[in-house]
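Me: I have a model open and want to learn to read it feature by feature. Can we go through it together?

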Amino acid sequence: TTVGREMIVFSFNVTNPPHGQATQPLTFQASLEYGEYDSNVETSIMESGLGSASPMLVNEFMIAQCAQSNATPAALNELTLTLATRAVLLPGTRVTLAGLNGSTTP
(Lines give C-alpha, C1' and ligand atoms only; values in the text may rest on other atoms or scores of the structure.)
Protein backbone atom coordinates (compact mmCIF):
# COMPACT_ATOMS: atom_id res chain seq x y z
CA THR A 1 0.00 0.00 0.00
CA THR A 2 1.08 3.55 -0.59
CA VAL A 3 0.15 6.88 0.90
CA GLY A 4 -0.70 9.95 -1.20
CA ARG A 5 2.33 11.57 -2.78
CA GLU A 6 4.46 8.52 -2.02
CA MET A 7 7.03 7.76 -4.70
CA ILE A 8 6.70 4.39 -6.41
CA VAL A 9 9.88 3.12 -8.06
CA PHE A 10 10.00 0.46 -10.77
CA SER A 11 13.22 -1.14 -11.91
CA PHE A 12 13.85 -3.81 -14.51
CA ASN A 13 16.75 -5.51 -16.24
CA VAL A 14 17.54 -5.16 -19.92
CA THR A 15 20.40 -6.49 -22.03
CA ASN A 16 22.69 -3.95 -23.65
CA PRO A 17 23.47 -4.41 -27.35
CA PRO A 18 26.79 -6.05 -28.27
CA HIS A 19 28.20 -2.74 -29.56
CA GLY A 20 28.64 0.75 -28.15
CA GLN A 21 25.90 3.31 -28.47
CA ALA A 22 25.01 6.80 -27.33
CA THR A 23 22.19 7.41 -24.88
CA GLN A 24 18.89 6.31 -26.35
CA PRO A 25 15.63 8.20 -25.81
CA LEU A 26 13.36 6.02 -23.69
CA THR A 27 9.62 6.51 -23.38
CA PHE A 28 7.05 5.13 -20.97
CA GLN A 29 3.34 5.05 -20.30
CA ALA A 30 1.67 4.52 -16.96
CA SER A 31 -1.87 4.02 -15.77
CA LEU A 32 -3.61 3.76 -12.43
CA GLU A 33 -6.91 1.92 -12.13
CA TYR A 34 -9.01 2.03 -9.02
CA GLY A 35 -12.69 1.28 -9.31
CA GLU A 36 -14.31 3.95 -11.45
CA TYR A 37 -11.33 6.29 -11.09
CA ASP A 38 -8.64 5.87 -13.71
CA SER A 39 -5.57 7.97 -14.29
CA ASN A 40 -3.21 7.77 -17.25
CA VAL A 41 0.14 9.32 -18.01
CA GLU A 42 0.53 10.04 -21.71
CA THR A 43 3.62 8.67 -23.43
CA SER A 44 6.50 10.56 -21.87
CA ILE A 45 10.23 10.72 -22.49
CA MET A 46 12.25 9.61 -19.49
CA GLU A 47 14.65 12.12 -18.00
CA SER A 48 18.21 11.29 -18.91
CA GLY A 49 20.83 10.60 -16.27
CA LEU A 50 24.17 12.36 -16.33
CA GLY A 51 27.36 10.94 -17.78
CA SER A 52 27.61 7.17 -17.52
CA ALA A 53 24.18 7.01 -15.81
CA SER A 54 22.43 8.01 -19.04
CA PRO A 55 19.90 5.34 -20.07
CA MET A 56 21.13 2.70 -22.49
CA LEU A 57 24.57 4.28 -22.87
CA VAL A 58 26.93 1.46 -23.86
CA ASN A 59 30.68 2.06 -23.63
CA GLU A 60 33.04 1.80 -26.58
CA PHE A 61 36.18 3.47 -27.88
CA MET A 62 35.21 6.72 -29.60
CA ILE A 63 38.80 7.70 -30.46
CA ALA A 64 41.67 5.35 -31.28
CA GLN A 65 44.57 7.27 -32.80
CA CYS A 66 48.25 6.50 -33.21
CA ALA A 67 50.96 9.11 -33.77
CA GLN A 68 54.76 9.05 -33.99
CA SER A 69 57.46 11.39 -32.73
CA ASN A 70 60.04 10.95 -35.49
CA ALA A 71 59.88 9.98 -39.19
CA THR A 72 63.68 10.04 -39.74
CA PRO A 73 65.17 6.71 -41.00
CA ALA A 74 67.01 4.64 -38.35
CA ALA A 75 66.03 7.09 -35.56
CA LEU A 76 64.30 6.22 -32.29
CA ASN A 77 60.60 6.84 -32.67
CA GLU A 78 58.00 7.06 -29.92
CA LEU A 79 54.55 5.83 -30.87
CA THR A 80 51.67 7.33 -28.91
CA LEU A 81 48.27 5.66 -28.83
CA THR A 82 45.36 7.84 -27.75
CA LEU A 83 42.09 6.21 -26.70
CA ALA A 84 38.87 7.83 -25.52
CA THR A 85 35.75 6.01 -24.38
CA ARG A 86 32.09 6.98 -24.65
CA ALA A 87 31.57 6.56 -20.88
CA VAL A 88 33.65 6.58 -17.71
CA LEU A 89 35.71 3.43 -17.18
CA LEU A 90 34.66 1.74 -13.95
CA PRO A 91 37.24 1.07 -11.23
CA GLY A 92 38.95 -2.23 -11.98
CA THR A 93 38.54 -1.91 -15.75
CA ARG A 94 41.65 -3.18 -17.53
CA VAL A 95 42.70 -1.90 -20.95
CA THR A 96 45.11 -4.25 -22.74
CA LEU A 97 47.24 -3.34 -25.76
CA ALA A 98 48.47 -6.28 -27.78
CA GLY A 99 49.56 -7.23 -31.26
CA LEU A 100 52.02 -4.45 -32.15
CA ASN A 101 53.32 -5.61 -35.50
CA GLY A 102 55.49 -3.98 -38.16
CA SER A 103 58.06 -2.39 -35.86
CA THR A 104 61.47 -3.18 -34.37
CA THR A 105 61.65 -2.24 -30.71
CA PRO A 106 64.88 -1.17 -28.99
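Me: Start with the surface. How much area does the protein expose, and what share do carbon and sulfur atoms supply?
Reply: This is a predicted model, so every value here is computed from it. The protein exposes about 9,800 Å². Carbon and sulfur atoms supply 55% of that area.

Me: What percentage of the residues is buried?
Reply: Take buried as under 20% relative accessible area. By that cut-off, buried residues make up 7% of the 106 residues.

Me: How do I judge the overall shape?
Reply: Set the radius of gyration against the value for a compact globule. A compact globule of 106 residues would come out near 13 Å, but this protein has 25 Å. Then look at the principal axes. The C-alpha trace spans about 85 × 25 × 20 Å along them.

Me: Which secondary structure elements are there, and how many?
Reply: The protein has four strands and zero helices. Along the sequence the pattern reads β-β-β-β.

Me: In what sense do strand 1 and strand 2 pair?
Reply: Strand 1 covers residues 27–34, and strand 2 covers residues 37–45. They pair in the antiparallel sense, over seven bridges. To follow the register, pick one bridge: Leu32 has Ser39 in strand 2 as its partner.

Me: Which residue of this hairpin takes a positive phi?
Reply: Gly35, with phi near 55°. Two residues lie between the strands of this hairpin.

Me: How many residues of strand 1 are buried?
Reply: Zero of its eight residues, and strand 1 is hardly covered.

Me: What about contacts between residues far apart in sequence?
Reply: Consider contacts between residues at least 6 apart in sequence. Of these, 44% join residues at least 24 apart.

Notes: Residues numbered from 1 in each chain as written. Predicted model: local features only at pLDDT ≥ 70, side-chain atom pairs only at ≥ 80, totals over all residues. Heavy atoms only, no water. Buried < 20%, exposed > 50% of the residue type's maximum accessible area, 1.4 Å probe, protein only. Pairing = 2+ DSSP bridges. Rg over C-alpha atoms; globule rule 2.2 N^0.38 Å. Contact = heavy atoms within 4.5 Å. Areas by Shrake-Rupley, 256 points an atom, 1.4 Å probe, with all protein chains shown as cover.
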